[in-house]
Amino acid sequence: MIKEALLKQCFLFVNDKLSIIETMMTESHKALEQESKSSAGDKHETGRAMLHLEMEKASQQLEVANQMKETLQRIHLNSVSEKVKLGSLVTTDQVTYFLSVSAGQLEVTGKYYYAVSSSSPIGQLLIGKEKGAMVTLGTKAIKILSIS
């Protein structure tokens, strides 16, 4: 099933993101410990401040990635709806969207799909729409051909 393969790829995307962020946080923590052992005055304080900023940024990224994972866990692939919702595969006259998380272009059996968040511009336009509906993104008119 296409949606199962897309959901799996989205989970891999988020898990990779989580792994990278956790590695960054570990490295920053180790570097901060090294900085603490040094006492080079202003240079030392600047280094510590930069490391704290990096750790704060990584912490925010970790929170976003965890929210993405929670969103993916809420997707029920067997749920059928006439309207576009989280987990819908929306075929338009231009591309096919998978409403999940913003993971970009994904490939399944040689065909490309776009994993988009329901809070993205296109996601907001598609949510709640039915087959045959038209939406406009910028100057593009997009027609919904099917929802699964």
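# A tour from the β3–β4 hairpin outward

Start by selecting strand β3 (residues 104-108) and strand β4 (residues 111-117): the two run antiparallel and five bridges join them. Strands are DSSP runs of E with at least two residues, helices are DSSP runs of H or I with at least four, and both are numbered from the N terminus. Two strands count as paired if DSSP finds at least two bridges between them.

Before going on, note that this is a predicted model, in which local features need pLDDT of at least 70, side-chain atom pairs count only at pLDDT 80 or more, and totals for chains, interfaces and linings use all residues. Residues are numbered from 1 along each chain as its sequence is written, and side-chain values use heavy atoms, with hydrogens and water left out.

**Stop 1: the turn between β3 and β4**

Select V108 and look across to β4, where its bridge partner is K111. This hairpin has two residues between its strands. Now select T109, which is in the loop between β3 and β4. What is the phi of T109? It is near 45°, a positive value in a residue other than glycine. Most residues other than glycine have a negative phi.

Is T109 buried or exposed? T109 counts as exposed because its relative accessibility is 76%. The classes are these: buried means under 20% relative accessible area, exposed means over 50%, and partly exposed lies in between, with a 1.4 Å probe and protein chains only.

**Stop 2: strands β5, β6 and β1**

Select strand β5 (residues 134-137) together with β6; four bridges join them, and they run antiparallel. Start with T136, whose bridge partner in β6 is A141. Then move to L137, which stands opposite K140 in β6. The hairpin of β5 and β6 has two residues between the strands, and G138 takes a positive phi near 65° there.

Keep β6 (residues 140-147) selected and add strand β1 (residues 89-92): this pair is antiparallel too, with three bridges. Which residue of β6 stands opposite V90? The residue is I147.

**Stop 3: helices α1 and α2**

Select helix α1 (residues 2-37) and find S28 in it. With a relative accessibility of 12%, S28 counts as buried. Leaving aside residues up to four places away in sequence, S28 touches L51, E54 and M55. Contact here means heavy atoms within 4.5 Å.

Next select H52, which belongs to helix α2 (residues 42-73). H52 counts as partly exposed because its relative accessibility is 41%. Add L32 to the selection: H52 and L32 are 20 residues apart in sequence, and their C-alpha atoms are 7.9 Å apart in space.

Stay in helix α2 and select Q61. At 31% relative accessibility, Q61 counts as partly exposed. Which residues does Q61 touch, not counting residues up to four places away in sequence? They are I21 and M24. Show K17 as well: 44 residues along the chain lie from K17 to Q61, while 8.9 Å separates their C-alpha atoms.

**Stop 4: the whole chain**

Now select everything. The chain has three helices and six strands. Followed from the N terminus, the elements run α-α-β-β-β-β-α-β-β.

Zoom out until the whole chain fits the window. Its C-alpha atoms fill a box of roughly 65 × 35 × 25 Å along the principal axes. The radius of gyration is 21 Å, whereas a compact globule of 148 residues would have one near 15 Å. That radius is taken over C-alpha atoms, and the globule rule is 2.2 Å times the number of residues to the power 0.38.

Of the 148 residues, 33% count as buried. Among contacts between residues at least 6 apart in sequence, 54% join residues at least 24 apart.

Turn on the surface to finish. The accessible surface comes to about 9100 Å², and 52% of it belongs to carbon and sulfur atoms. Such areas come from the Shrake-Rupley method with a 1.4 Å probe; for residues, only the protein chains shown count as cover.

Colour the charged side chains last: 17 are positive and 16 negative, and the centres of the two sets lie 9 Å apart. Lys and Arg count as positive and Asp and Glu as negative, while His and the chain ends are not counted. Each charge is placed at NZ of Lys, CZ of Arg, CG of Asp or CD of Glu.
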